[in-house]
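Hi,

Here is the structure I said I would pass on. Have a look at it first, and my notes follow underneath.

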Amino acid sequence: TLASVLTEGVRNTIGDSRVKVTYEPEYVPAVPPAMPDIPLEQLAAMIKATVRVEVLDGNMAYLKIQHIIGEEMAQKVGPMLLEYIWDKILPTSAMILDFRSAISGEISGIPYIVSYYTDAEPQIHIDSVYDRTLDITTELWSMPTLLGKRYGTSKPLIILTSKNTLGVAEDVAYCLQNLKRATIVGENTAGGTVKIDKIRVGDTDFYVSVPSAKSINPITGKSWEIYGVAPDVSVPAEDALDTALAIIQLRAE
């Protein structure tokens, strides 16, 4: 109860809904296993559990992603990604990226995904991420070389969003939207952040979750954080897929 009251008080004071106070007497900080210690088969199973791929009527690709993997993991399971996902949807004439349930991801995955929908040259400055803890700004650029072929810049790309779309997925959607490469269909996203740190309050079982990095788009000079990504076509999340299919069909006609 105290944690809830503190959360409400802090949010009202600083106007940031991402800050949260929790009481967790059993909390143990998660330590991610080193990449080499995870068998390739297990990595593949993890990816397949968070990705759904289909080729819909009209030669339209549908790719639902719940977690955006980082560049390191993508490189490790690259051939498997090409076989299971990319080779199936590369020949399609339009694509729908479903981020309605995407709530986690790695910052290094942002240029990896964006680059598949841009040209190899010239490279594009797609984002800048300021890390408050390290006091360092990292520029994210499109990648000149990728695993497999690019989807290209001419075929229609629609990204589906919901009020639950959070963090790195919001960044990818915002980048592609402002590059005029994708149309966003659905709901205004959650307005999260690319990185959250959980800090223990003194010698207690209370913790404060706070954003520790900030994304600034080089095109708009603004961030999608707190306010979320506004869709180009606003519809309830459950209607977003049907709306996207109708938009692609209309464009084709």
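Let me start with one pair of residues: Ser128 sits opposite Glu139, which belongs to β8. Keep in mind that this is a predicted model.

The strand I followed is β7, residues 125-131, and it is mostly covered, with five of its seven residues buried. On one pairing, β7 runs antiparallel to β8 (residues 136-141), and six bridges link the two. Together β7 and β8 make a hairpin with four residues between them. If you look at the turn, you'll find Asp135 there with a positive phi of about 55 degrees.

β7 also pairs with β13 (residues 213-216), again in the antiparallel sense, through four bridges. There, Val129 has Ser215 of β13 as its bridge partner.

Now for the chain as a whole. It has seven helices and 14 strands. Its radius of gyration is 19 Å, and that agrees with a compact globule, because 253 residues packed that way would give a value near 18 Å. The C-alpha trace spans about 60 × 40 × 35 Å along its principal axes.

As for packing, 45% of the 253 residues count as buried. Of the contacts with a separation of 6 or more, 75% are between residues 24 or more positions apart.

On the outside, the chain exposes about 13,000 Å², and 56% of that comes from carbon and sulfur atoms. For charges, I get 22 positive and 32 negative side chains, with the centres of the two sets 3 Å apart.

Cheers

Definitions and conventions
Residues numbered from 1 in each chain as written. Predicted model: local features only at pLDDT ≥ 70, side-chain atom pairs only at ≥ 80, totals over all residues. Heavy atoms only, no water. Buried < 20%, exposed > 50% of the residue type's maximum accessible area, 1.4 Å probe, protein only. Pairing = 2+ DSSP bridges. Rg over C-alpha atoms; globule rule 2.2 N^0.38 Å. Contact = heavy atoms within 4.5 Å. Areas by Shrake-Rupley, 256 points an atom, 1.4 Å probe, with all protein chains shown as cover. Lys, Arg positive; Asp, Glu negative; His and termini not counted. Charge placed at Lys NZ, Arg CZ, Asp CG, Glu CD.
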